[in-house]
Structures are given as structure tokens and as C-alpha cells.
Amino acid sequence: MVIQILDQPLWRIEAQIIVLCLYSDRRPPHGAAGFADWYLCGFISRLLRAEKISTTTKEQSLLATQGRFRSPKILLLGMGESGKVTPSLIYSIWYEAARTLCHIHVSNLITTIPIIYGENNVREITVQMMQGFIDGIEAEHKNIRDFTM
């Protein structure tokens, strides 16, 4: 696995997919998902209002970026209420996300570290996210070396 820290806008980075988090009590979306929503002219917000996608914990939504990003797809991960997100929940969300990514044959992705509002332990959040991701890939009998993040 290759992990790069990039100081570039999401729309400039080329990958197979962008993976972003959505919180049920953060409307319009915040963070990187909010930026993606803005760059897609409110597309994510419109889908949320029309109840076409969900922010329920562990819910996943796959969207086309409509040519507005160099990555053709976005996978949105439902995080539930921001105040109820824990590092262990992040583990399970990323475990399921990794399995989904394996099923749709993704090997190159862009993402951000999930936000836990009121939590400052970025190290623990990152560890749980990466461990869930690795375990999810292994559950699908894939090799972690086949992924670029």
C-alpha cells in the first residue's frame, strides 16, 4: 500500500475513486464531503434531501463525479451522528468500505481522515481507520500490496 499526503484540491488528484464521510447531523455536508458537494454544485445535498442517499451508520453510496473531478467516482460512507462516532465505529465502517472497494475492483483511492467531533486523538482514529481497511481487504482474500491510497 502506498499512502501519500497531498496538498492538492480533490478535483486535481487522479484515482479510481474518492472515499468521503457523511454525518447525519451535519447538513450541508462538512469537510471534504462538503467541498465535494460544493464542487458538484450541491449534487450530494440534493440527493440527501431527496433521500436517494443516506448518512445512516455504515450506509454506502456510490456516485459518479460527472466529469468534475479527475476521479470518476465517489464512495460516500454514512457515519451516523457526529457525536456518536467512536474509533471502533470508524474501524467497522472502513472494514466494510474496504470490502466494497474490493468488490468493485478498486485499487487506487483518495480519502481523508474521518472527523470525530470533540475528539482530538487523530492517531487512534487513523490507526482504527487503517486497521479496518486492512482487515476488510484481507477478509476479501486480497493482497494489501495491490492498493494505492
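The following legends describe views of a predicted model of one protein chain.

**View 1. Secondary structure of the protein chain.** Four helices and four strands are present in the chain. Read from the N terminus, these elements follow the order β-α-α-β-β-α-β-α.

**View 2. Surface and interior of the protein chain.** Of the 149 residues in the chain, 45% are buried. The exposed area of the chain is about 7900 Å², and 49% of this area is supplied by carbon and sulfur atoms. Among contacts with a separation of 6 or more, 66% involve residues that lie 24 or more positions apart.

**View 3. The largest nonpolar core.** This core has 23 residues. Val-19, Ile-90, Trp-94 and Leu-101 have the most contacts inside the core. Two or more residues are given to this core by each of strand S1 (17-22), strand S3 (73-78), helix H3 (87-103) and helix H4 (122-139). The greatest share comes from H3, which gives eight residues. In soluble globular proteins, nonpolar side chains tend to be buried together.

**View 4. The surroundings of Val-19.** Which residues does Val-19 touch, leaving aside those up to four places away in sequence? Val-19 touches Leu-75, Leu-77, Trp-94 and Leu-101. Val-19 also touches Leu-109, Ile-110, Thr-111 and Thr-112.

**View 5. The second nonpolar core.** A second core, separate from the largest one, has 20 residues. Among them are Ile-44, Leu-63, Ile-74 and Ile-110. Ile-110 is thus part of the second core, and Ile-110 is also one of the residues touched by Val-19.

Note on methods: Residues are numbered from 1 along each chain as its sequence is written. This is a predicted model: local features need pLDDT of at least 70, side-chain atom pairs count only at pLDDT 80 or more; totals for chains, interfaces and linings use all residues. Side-chain values use heavy atoms; hydrogens and water are left out. Buried means under 20% relative accessible area, exposed over 50%, partly exposed in between (1.4 Å probe, protein chains only). Contact means heavy atoms within 4.5 Å. Accessible areas come from the Shrake-Rupley method with a 1.4 Å probe; for residues, only the protein chains shown count as cover. A nonpolar core is a set of buried Ala, Val, Leu, Ile, Met, Phe, Trp, Tyr and Cys residues joined through side-chain atoms within 4.5 Å.
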